[in-house]
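Subject: the model, plus notes

Hi,

Here is the structure I promised to pass on. Have a look first, and my notes follow below.

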Amino acid sequence: MFGKRGNEGFGKSGTPGPAVPPPVVAAQPMATERSAVPVLGETTSAIPKIQPAAPSTTRRRTARTEDYYDTKSQVFSALIDTIDLSQLAKLDTESAREEIRDIVNDIITIKNFAMSISEQEELLDDICNDVLGYGPLEPLLARDDIADIMVNGAGQTFIEVGGKVQESEIRFRDNAQLLSICQRIVGQVGRRVDESSPICDARLPDGSRVNVIAPPLAIDGTALTIRKFKKDKLTLEQLVRFGSVTAEGAVLLQIIGRVRCNIVISGGTGSGKTTLLNCLTRYIDADERVITCEDTAELQLQQPHVVRLETRPPNIEGEGEITMRDLIKNCLRMRPERIIVGEVRGPEVFDLLQAMNTGHDGSMGTIHANTPRECLSRMESMIALGGYSLPAKTVREIIAGSVDVIIQASRLRDGSRRITHITEVVGMEGDVIITQDLMRYEIDGEDAGGRIIGRHTSTGIGRPHFWDRARYFNEDKRLAATLDAMDKN
């Protein structure tokens, strides 16, 4: 349907294409009627943002050789010379994949490549992914057991599975293909990455977080990092099954979210802060107006009344930047009942604390810190970085009057993730912020396989500081029963 199968493209004297394909981002437009068709890798509205079908993961992928990549390079070049992208753009995903597979099969037959059936199927999948999806990344994105994908240039890709990092066999044709895929990803959210703007944060359609840093800043080729989100969002019940928290601890977290405590989730990189924040937002009442502020939109709330806001980086002239502080200040004028900040990194913490202290109970945010006490110190230092010349005691009073609960998430050395502290902020005593732990995770040792052995323990607090708030929301009896159950265990 789309191939010019006469005297053009792969039908010309049967000679194989070049051993190395032209860089994807520099491909020349096709002649005559296709001269206005965008080339592969450009982000443009001429080709719709097709959601590629997930490649088959049941077939075991064989180890790739140089001959395989050389063959793929020749087939891909012949396909680009043959296919009519303007017509392909009019098809749905499945039809487009079938057309590409038909043409690739013809190319393989005419050029007489010696390939097994399994190799031919893998080649078909790879080329369809190159044209319609995210190229070699597609098999990794289709796997739900991968937490992170780390691409260090075209020839090296690492993945995190079960909390451990391992090298994958996936590689890219060259750095041009890798950069083209990165441009395709960031272009979907209206951002760009190139030599003049080499650092970019973006997201995939499923909410997965993407960071790209391109040459000349990345010396060995474009570095791409994807923090994947599971297709099925985790719940507190699943965290209980995984051992991240006890059943009683999960109920306590439900009550904390339900009674509109102001919550800060603290933890290191990869400790599960955003996952835990997503879990807690499930217990927000459906009639509440919630506004989220994020650098890259990741949160996926299920409530009907949600407004999602996202920051914007400066343009190439250095203008037009919208910071997290701008978003938080603006959302205060939008009549929010809860404000949720995806990640607090700087002076915007002061605006969030002000919002927590001015009638927006139940607001939440995450922050990078290793302990609840360090979380409080980091908030102090971020306020100071904002240029506020307030006495230290005043800053601590603002923090103590705004934050009700700190939930500490940690990634242990065996790769497992645990909620290690549920800590209340009680108030001030002199110049010091007073906290009390409601639950802690204590490490007892490790088993023969190197897995951490530990247990969640209650600290024996029978009447938390937010007891009156729980009674106001008719949750005091359930809170008392939960604390009693924690003591018995």
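How many disulfides does a search of the whole structure find? Zero, where a disulfide is a pair of cysteine sulfur atoms within 2.5 Å.

Before the rest, some housekeeping. This is a predicted model, so local features need pLDDT of at least 70 and side-chain atom pairs count only at pLDDT 80 or more, while totals for chains, interfaces and linings use all residues. Residues are numbered from 1 along each chain as its sequence is written, and side-chain values use heavy atoms, with hydrogens and water left out.

**Cysteines**

Take Cys-182: the closest cysteine sulfur belongs to Cys-200 and sits 9.4 Å away, which is too far for a bond. Cys-182 counts as buried because its relative accessibility is 0% (buried is under 20% relative accessible area, exposed over 50%, partly exposed in between, with a 1.4 Å probe and protein chains only). Cys-293 is in no disulfide either, with the sulfur of Cys-331 the nearest one at 4.1 Å. Cys-293 is also buried, again with a relative accessible area of 0%.

**Strand 11 and its partners**

Helices (H or I, at least four residues) and strands (E, at least two) are DSSP runs, numbered from the N terminus. Strand 11 covers residues 364-368, and four of its five residues are buried. Two strands pair if DSSP finds at least two bridges between them. Strand 7 (residues 263-267) pairs with strand 11 in the parallel sense over five bridges, and Ile-263 has Met-364 as its bridge partner. Strand 10 (residues 338-341) is parallel to strand 11 too, over two bridges, and there Ile-340 stands opposite Met-364. Between strand 10 and strand 11 the chain passes through helix 11 (residues 348-356), making a right-handed β-α-β crossover. Right-handed here means that, with the strands pointing away from the viewer, the path from the first strand over the helix to the second runs clockwise.

**Helix 9, Thr-281 and Gln-303**

Helix 9 (residues 273-281) is mostly covered, with eight of its nine residues buried. Thr-281 belongs to this helix and is buried at 2% relative accessibility. Not counting residues up to four places away in sequence, Thr-281 touches Leu-301, Gln-303, Ile-340 and Met-364 (contact means heavy atoms within 4.5 Å). Those last two names should be familiar from the strand 10 and strand 11 pairing, where Ile-340 stands opposite Met-364.

The side chain of Thr-281 reaches the backbone oxygen of Asn-278 at 2.7 Å. I list that as a polar contact: a pair of N or O atoms within 3.5 Å, where within protein one must be able to donate a hydrogen and the other to accept it, and residues adjacent in sequence count only if both atoms are side-chain atoms.

Which backbone oxygen does the side chain of Gln-303 reach at 2.7 Å? That of Thr-281. A polar atom of the Gln-303 side chain also lies 3.1 Å from the backbone oxygen of Ile-284. Gln-303 itself is in the loop between strand 8 (290-294) and strand 9 (306-310), and at 10% relative accessibility it counts as buried. The C-alpha atoms of Gln-303 and Ile-284 are 7.5 Å apart, with their positions 19 residues apart along the chain.

**Thr-222 and the cis peptide**

Thr-222 is in the loop between strand 5 (209-213) and strand 6 (223-227), and is buried at 2% relative accessibility. Its C-alpha lies 6.8 Å from that of Asn-152, a residue 70 places away along the chain. Beyond its sequence neighbours within four places, the contacts of Thr-222 include Asn-152, Cys-182 and Pro-215. Pro-215 is joined to Pro-216 by a cis peptide bond, with omega about 10°, and Pro-216 is in the loop between strand 5 and strand 6.

**Backbone oddities**

Two arginines have positive phi without being glycine: Arg-260 at about 65° and Arg-335 at about 50°. Arg-260, in the loop between helix 8 (247-258) and strand 7, is buried at 16%. Arg-335, in the loop between helix 10 (324-331) and strand 10, is exposed at 57%.

Cheers
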